[in-house]
Amino acid sequence: MKKRLMLAGFALALGAGYTLTAFSQVKPETMVKQRQAAMTLQGKYAGPLGAMAAGKAPYNADTVAFNSAMLDALSRMPWDGFAESTKGVSVKTAALPTIWSESAKFKAAQDNFQNAVQELVKVSRGGDEATVKAAIGTVGKACGACHQDFREKQN
């Protein structure tokens, strides 16, 4: 009796596990929309930093600290949305096929961007303006390098 009850419990748990797996799988179209949303938010927080670095907006250390912290979180978000299952989706995307054919290079570009953002976070906590602006420039270059190789040119 104990053995049957234990087997029934195991079967129920196993079935629940498969059900949860099926429910947890995100549709490829949703993954594309999520990665696009993360990229849009990255632009929201990077834009003011770029303007400061270029001298088009006054330098504000508090804004740099806040925006770089937000970028730090966002810099980790979009990458799982570039799963193989998202190739050829019906959602409009600027992602180039090289993302999947040159996956090691794409991963290196992601890592380069994340490292640049992390360095910006470090220097934004008390670094002098010139050092912070240089770090902002490095983030911009890392972002642009990825777009150069893996994003369709926008008109």
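Q: I'm new to this one. Which way does α5 cross α6, left-handed or right-handed?

A: The crossing where α5 passes α6 is left-handed. Keep in mind that this is a predicted model.

Q: How do people describe a pair of packed helices, and what are the values for α5 and α6?

A: The general idea is that two packed helices are described by the angle between their axes and the distance between those axes. Here, helix α5 (residues 103-124) packs on helix α6 (residues 129-150) at about 165 degrees, and their axes are 9 Å apart. So α5 is roughly antiparallel to α6, since angles over 145 degrees count that way.

Q: Which residues of α5 and α6 meet?

A: On the α5 side, they include Phe106, Ala109, Phe113, Val117 and Leu120. Among their partners in α6 are Val132, Ile136, Val139, Cys143 and Phe150. By class, the contact of α5 with α6 holds 15 nonpolar, 4 polar and 2 charged residues.

Q: And how do α3 and α5 pack?

A: Read that pair by angle and distance too. Helix α3 (residues 61-74) and α5 have their axes 9 Å apart, at an angle of about 150 degrees. That makes α3 roughly antiparallel to α5. Their crossing is left-handed. From α3, the contact takes in Val64, Ala65, Ser68, Ala69, Leu71 and Asp72, while α5 brings Val117, Gln118, Leu120, Val121 and Ser124. Sorted by class, that's 7 nonpolar, 3 polar and 1 charged.

Q: How much space lies in the largest pocket, and which residues are closest to its centre?

A: For a pocket, look at its volume, then its lining. The largest pocket has about 590 Å³ of space. It is lined by 29 residues, and Met39, Gln42, Cys143, His147 and Arg151 are the closest to its centre.

Q: Which elements give two or more residues to that lining?

A: Those are α2 (28-53), α5 and α6. The lining of the largest pocket divides into 18 nonpolar, 9 polar and 2 charged residues.

Note on methods. Residues are numbered from 1 along each chain as its sequence is written. This is a predicted model: local features need pLDDT of at least 70, side-chain atom pairs count only at pLDDT 80 or more; totals for chains, interfaces and linings use all residues. Side-chain values use heavy atoms; hydrogens and water are left out. Axes are lines fitted to C-alpha atoms, for helices over the stretch in contact, and angles run from 0 to 180 degrees between N-to-C directions. Helices (H or I, at least four residues) and strands (E, at least two) are DSSP runs, numbered from the N terminus. Angles under 35 degrees count as roughly parallel, over 145 as roughly antiparallel, 65 to 115 as roughly perpendicular and the rest as oblique. A crossing is left-handed if the near helix is turned anticlockwise from the far one by less than a right angle, and right-handed if clockwise. Contact means heavy atoms within 4.5 Å. Ala, Val, Leu, Ile, Met, Phe, Trp, Tyr, Cys and Pro count as nonpolar, Asp, Glu, Lys and Arg as charged, and the others, Gly among them, as polar. On a 1 Å grid over the protein atoms alone, a cavity is a set of points where a 1.4 Å probe fits but cannot get out, and a pocket is an open set with protein on both sides within 12 Å along at least five of seven lines; lining residues have an atom within 4 Å of a point. Grid points are joined across faces, edges and corners, and a volume is the space filled by probe spheres set on the points.
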